[in-house]
Amino acid sequence: MEDTTSKNVLSKNPYLLIVMGVLGFLVGHIIIFGTDTFNISINSPNAVFSEIHFNPKCPPKDSLCGKITSFESDENNRLLIGYLAHDSILKTRRVKDTLRTKGKLDTVWVLQNYYADTIAQASITQDILDKEYRKSYHSDIDFFRRNSTFTLWVVFIIAMFVIWFISFFPLIHFNGSILEEFGGDENYKTQKIGYSIFAFLILVLFHFILIFSFMDSTPFNNFLFLKSFDARFTWMNILGIVASTPVFVGMMFIYRFCYEVKSGETDKINKLKEYLKILLLFISMSFSFIMITTALLYNSINKLEFVVKASADLKFSPIHNDFVVAYGAIYSILIAIFYIPAAIKIYSLKQSVTSVADQDANGKGLKFDTTIKTVLGEILKSSAPLATSIIASILALFFH
């Protein structure tokens, strides 16, 4: 049975949801701005955003000097830049000289050493970039004036946290409603705990597999715009996992109840289908929101002065939007892992009810190609993050 106290708090008092929304708003600021969130001094703002202005010393009218030739990470996953640097090399040349020998002036050839300007391949580490080429701002507003697209990214990140926090308890309440309707008087407390732990561990394992395989190195470097962001970015992922866990728990319960519903109970089957659609809608919107913020971030980074220069020198962007599409496909796979088993089971229940009506003229059962189409349709329903990432990438390229 559902927890009555939790139900009454959610249904009668708006305070909990409002407090959760404010908490999400605060956490979003802490993730982005860190301890500067609590800096309430108006006269002495402390900007957390900064950028790299790469302008090495070069002779006038030297078009090659300072050109970036590589943009990669070292063995410690720190930024390592290769570029053409100004250099001087020792050369020798023959020059005429006049010597006085026995009262006479004679012209002779002598060897003279001199230094000639040239360029040489050089590399610069992230620490040197930070020390010599970091441009800090008096306030974050100054940074946003120069890099306006980061403003949208910050707003969407904060909005994403508000949605995560404000929907967490309603999702738990929604799962409780499913248990109350289909579970009868049975106590599913043990199953709820077990399913929650299982879903959480699957999500953590999913991300760990990505970190040690596909995403073994970050596609972009937070150092370019926001120092010391990596730890907060990890917390962002953890909170996202926690926020999405109730959705996948609900999908697991729907799959379980499909086995407790008889084939003739059409109303219950339709309700399970509707509940599954609601959970799919929420998780698709949530993950699509992640894709939008990721696309905004990539677009913003590509407009930084340093990345614009690197893209012009390398003839391609070192931080391209293909990764956004890849993220969309990965999150769509994650949704499909939980959604498709329940969707296919509900589909099989509905087919058992309508099997007579769906028989063809020869008295055969449901055609195999119809089943394939249905399965493909369910897969497409879980691919909303992929579609969002593709659209966001196209729009980013268009506006770029």
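This note goes through a predicted model in numbered points, from the whole chain down to single residues.

1. Overall make-up. The protein has 400 residues, of which 40% are buried, and its secondary structure consists of 12 helices and five strands. Among contacts with a separation of 6 or more, 77% join residues that lie 24 or more positions apart. The protein exposes about 22500 Å², and carbon and sulfur atoms supply 62% of that area.

2. Helix α6. This helix covers residues 189-211, and at 1.5 Å a residue its 23 residues should span 33 Å, which agrees with the 33 Å between its end C-alpha atoms. Its buried residues are Tyr 195, Ala 199, Leu 203, Phe 206, His 207 and Leu 210. As a general point, an α-helix has 3.6 residues a turn, so residues three or four places apart point the same way.

3. Helix α7. The 29 residues of this helix, 230-258, should span 42 Å at 1.5 Å a residue, and the end C-alpha atoms are indeed 42 Å apart. The helix nevertheless carries a kink of about 35 degrees at Thr 245, and the proline Pro 246 follows shortly after that position. A reader checking α7 should therefore take the end-to-end agreement together with the kink at Thr 245.

4. Leu 334 in helix α10. Leu 334 belongs to α10 and counts as buried, with a relative accessibility of 1%. Setting aside residues up to four places away in sequence, Leu 334 touches Leu 203, Phe 206, Phe 248 and Phe 287. Two of these partners, Leu 203 and Phe 206, are also listed among the buried residues of α6. Leu 334 and Leu 203 are 131 residues apart in sequence, yet their C-alpha atoms are 8.2 Å apart in space.

5. Lys 345, a buried charge. Which side chain of opposite charge is nearest to Lys 345? It is Glu 260, at a distance of 12 Å, and Lys 345 is buried yet has no salt bridge. Lys 345 is found in α10, residues 322-353, and it touches Tyr 255, Cys 258 and Tyr 259 when residues up to four places away in sequence are not counted. Glu 260 itself forms a salt bridge with Arg 256, with the closest N and O atoms 3.5 Å apart. Both members of that pair count as partly exposed, Arg 256 at 23% relative accessibility and Glu 260 at 43%.

6. The salt bridge between Arg 146 and Glu 51. The count of salt bridges comes to eight, and in one of them the side chains of Arg 146 and Glu 51 meet at 3.2 Å, N to O. Because Arg 146 lies in helix α4 (residues 140-146) and Glu 51 in strand β1 (residues 50-52), the pair ties together parts that are 95 residues apart in sequence. Arg 146 is partly exposed at 45% relative accessibility, whereas Glu 51 is buried at 1%. Glu 51 and Arg 146 are also linked with Glu 305 in a network of salt bridges.

7. A salt bridge within helix α4. The side chains of Asp 142 and Arg 145 meet in a salt bridge of 2.6 Å, N to O. The two residues are three residues apart in α4, which means that about one helical turn separates them. Asp 142 counts as partly exposed at 24% relative accessibility, while Arg 145 is exposed, with a relative accessible area of 64%.

8. Thr 149 at a long sequence separation. Thr 149 is found in helix α5, residues 149-182, and at 17% relative accessibility it counts as buried, the cut-off being under 20%. Leaving aside neighbours within four places in sequence, Thr 149 is in contact with Asn 299, Ser 300 and Lys 303. Ser 300 is 151 residues from Thr 149 in sequence, while the C-alpha atoms of the two are 5.3 Å apart.

9. Backbone at Lys 315. Most residues other than glycine have a negative phi. Lys 315, however, has a positive phi near 70 degrees. Lys 315 sits in the loop between α9 (305-314) and α10, and it is exposed, with a relative accessible area of 70%.

Conventions:
Residues are numbered from 1 along each chain as its sequence is written. This is a predicted model: local features need pLDDT of at least 70, side-chain atom pairs count only at pLDDT 80 or more; totals for chains, interfaces and linings use all residues. Side-chain values use heavy atoms; hydrogens and water are left out. Helices (H or I, at least four residues) and strands (E, at least two) are DSSP runs, numbered from the N terminus. Buried means under 20% relative accessible area, exposed over 50%, partly exposed in between (1.4 Å probe, protein chains only). Lys and Arg count as positive and Asp and Glu as negative; His and the chain ends are not counted. A salt bridge is a side-chain nitrogen of Lys or Arg within 4 Å of a carboxyl oxygen of Asp or Glu. Contact means heavy atoms within 4.5 Å. The expected span of a helix is 1.5 Å times one less than its number of residues. The bend at a residue is the angle between axes fitted to the seven residues ending there and the seven starting there. Accessible areas come from the Shrake-Rupley method with a 1.4 Å probe; for residues, only the protein chains shown count as cover.
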